[in-house]
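Okay, thanks for coming, everyone. Let me put the model up, and then we'll walk through a few spots.

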Amino acid sequence: RPAQSISWIDCVNFLVFYACGAVIWWQLDSAARLSAPKVLHIMTLGTSGIPLCHAFDSARNNMFIGDSRGNIAFFNLNRALASGDSQDTARNPDKILSRVHDKEHVTGITILVKSGVVLSVGNDGCMHQSRLDHGDLRKLIRIPIPNVTGLRHVWNVRQPNGDESAVIGGYYGNDFVVFDSILGYEFLRISTGGRQRRQDLFFGFANNSRKNSFLYGAAVVVGHKDGSNSINFHFSHQFNDDISDFGCIWQKQDINEFYSIGHSVHSERVNDACWVDCGQSTYLLTGSNDCLVKLSKFENDQFICVAELPPHESCVRGVCSSCHKDSSVSLLVTCGGKLSMEFYLLDHQTTEMSDHCTASINSNVSFLCSYRTLAKSTIDHRMNIVRAIPLLPADSRCHLCLAGDSDGLLHIVVISELGNSRGTTIGNLFSDSGRPVLCIDLLRCYDRILAFVGTTSGDISVWNFPGTVAVKDGNCGLNCLKGVMPHRPIFVFKAHHAGVNDLSVGSSPMSSTPMNFCIYICSVSDDQTISICTLYIS
């Protein structure tokens, strides 16, 4: 019968898949290179599908084979050897899981050694989990993979802390992507020119390096419209040096593969992050598309989530913090969909006392108030960015918060650490350019606060806000600011031909005169440029 494909187990053992549903295990004689390979096992699936992929557990001598009809066959080769059958005898599977991937192709299988879970991916767009329990293969759960439209490969890769991760390769439209399905890290993305054209993939992890654990290599064959093919190679810097033996390349099923890609904090994209300095400890505040805001501490070479703030109704787009000098309290601000903006207080002193028990930090983060707008907002109307800065004098315990939304409006709020009985606050609205605001940075200039606002038009506008406040009867609000509120920006310039994705501002003195200094505005954009503008203030 015609052979369908060949799949290698290691550098001397390989499987030949036949269209009739049979799989033959061949072994090469490494000592005699010119000798013919010998047959170790002949396995028949007994299904209507064609074998496509395999996973072999060398420790338990178990073989798992997936076919073109969504079935997974399990062979215990120890039983086959114990039965005394000859090598030419075809062996039937010990167990068949029918329609694991409906009636779609099973394109990849791997084994999580620690848990004994068998992972498989298929053309149904799902990763299926099954477990071998006392010699019986049982179905567990099916997990849809939204990141791709067609799954092709799955690998088991061990992280430096010993945890196992499933690395998946597949299509997202016409792009072939390889990513970690648990932590979401994307290794590569390459355009193949369409799923119907010829392509193939090899992807391997270096398993003998201890100097740099983030090592990988990949080769993707791309078919072009003119009928020609090209091979694209991707590899980390020392991949070729660390894989010195060609036999190591074929250890794709080996668990001794390492890489380090960070620490899982959120289940979806992190939109904004900021550091919160609490004296002896530093925390990371993050907001994500999973609607969560988390406060994490870097400890023992990893981020540990010590507090999870109440979730937003929609995605969290911006987070920031503000703290007066020598103060024991930090203001935490979060913003996101439906123009939501929440304010919290983090007590530094209590945090440092409870560092031996990180879970108790939840009691050190207290809710302050929520921002509300008078106009009704929809789920598509969102805050894109928020920044905060302390107001003077420090004993006022007030902060200026500035947020930009998707309608091009600026929301300015004065927040007191003492809070109010209502639990809500309102602010003033300023119209910038009418284009969505993407980034904001604040800079104090003596008794004024300069706000630098970047929009999707590529413009950066400079606003001049009062920087001091006079608290009246314990109440603090916009009416307590000392100075005139602006009605329009004092300066606008074209920084980019596309949206300003982010900007950062710094200042330095021009001369010995303290009132003369220059401001540097650095910004980045989708037009692939870095813009630097210098403003001279006197």
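A quick bit of vocabulary before we start: buried is under 20% relative accessible area, exposed is over 50%, and partly exposed is in between, with a 1.4 Å probe and protein chains only. Keep in mind this is a predicted model, where local features need pLDDT of at least 70, side-chain atom pairs count only at pLDDT 80 or more, and totals for chains, interfaces and linings use all residues. Numbering runs from 1 along each chain as its sequence is written, and side-chain values use heavy atoms, with hydrogens and water left out.

Salt bridges, then. For us that's a side-chain nitrogen of Lys or Arg within 4 Å of a carboxyl oxygen of Asp or Glu. How many does the structure hold? The count is 10.

Take R142 and D102, whose closest N and O atoms sit 3.5 Å apart. R142 is in strand β13 and D102 in the loop between β9 and β10 (106-112), so this pair ties together parts 40 residues apart in sequence. Strands here are DSSP runs of E, at least two residues, numbered from the N terminus. R142 counts as partly exposed at 36% relative accessibility, and D102 is partly exposed too, at 35%.

Strand β13 shows up again with D136, which bridges to K95 with 3.6 Å between the closest N and O atoms. D136 is in β13 (residues 136-144) and K95 in β9 (residues 95-97), 41 residues apart. Both ends are partly exposed: D136 has a relative accessible area of 23%, and K95 comes in at 27%. There's a wider network here as well, with K95, D133, D136 and R138 linked by salt bridges.

One more pair: D272 and R387, at 3.2 Å between closest N and O atoms. D272 belongs to β21 (residues 270-278) and R387 to β29 (residues 383-390), so the bridge ties together parts 115 residues apart in sequence. Is D272 buried or exposed? Buried, with a relative accessible area of 11%, while R387 counts as partly exposed at 21%.

Okay, on to a sheet. Five strands make an open sheet in the order β1-β2-β3-β4-β8, with mixed pairing; two strands pair if DSSP finds at least two bridges between them. At the edges you've got β1 (3-8) and β8 (90-91), each with a single partner strand, so one side of each has no neighbour in the sheet. Further in, β2 (residues 13-18) and β3 (residues 22-27) pair antiparallel over five bridges. If you want a spot to click on, V16 stands opposite I24 in β3.

Now the rings. Phe, Tyr and Trp rings (the six-membered one for Trp) pair if their centres lie within 6.5 Å; planes under 30 degrees apart are stacked, over 60 edge-to-face, and the rest tilted. That rule gives 10 aromatic pairs. One of them is Y171 with F176, edge-to-face, 5.2 Å centre to centre and 90° between the planes. Y171 and F176 are both buried. Elsewhere, F430, W463 and F465 form one aromatic cluster.

Last stop, the surface. V524, I530 and I532 make a nonpolar patch with about 300 Å² of accessible area together. Patches take residues with over 30% relative accessible area and no salt bridge, joining like charges within 9 Å and nonpolar side chains (Val, Leu, Ile, Met, Phe, Trp, Tyr) within 5 Å. The areas are Shrake-Rupley with a 1.4 Å probe, and for residues only the protein chains shown count as cover. V524 sits in strand β39 (residues 517-525) and counts as partly exposed at 34% relative accessibility.

Terms used. Helices (H or I, at least four residues) and strands (E, at least two) are DSSP runs, numbered from the N terminus.
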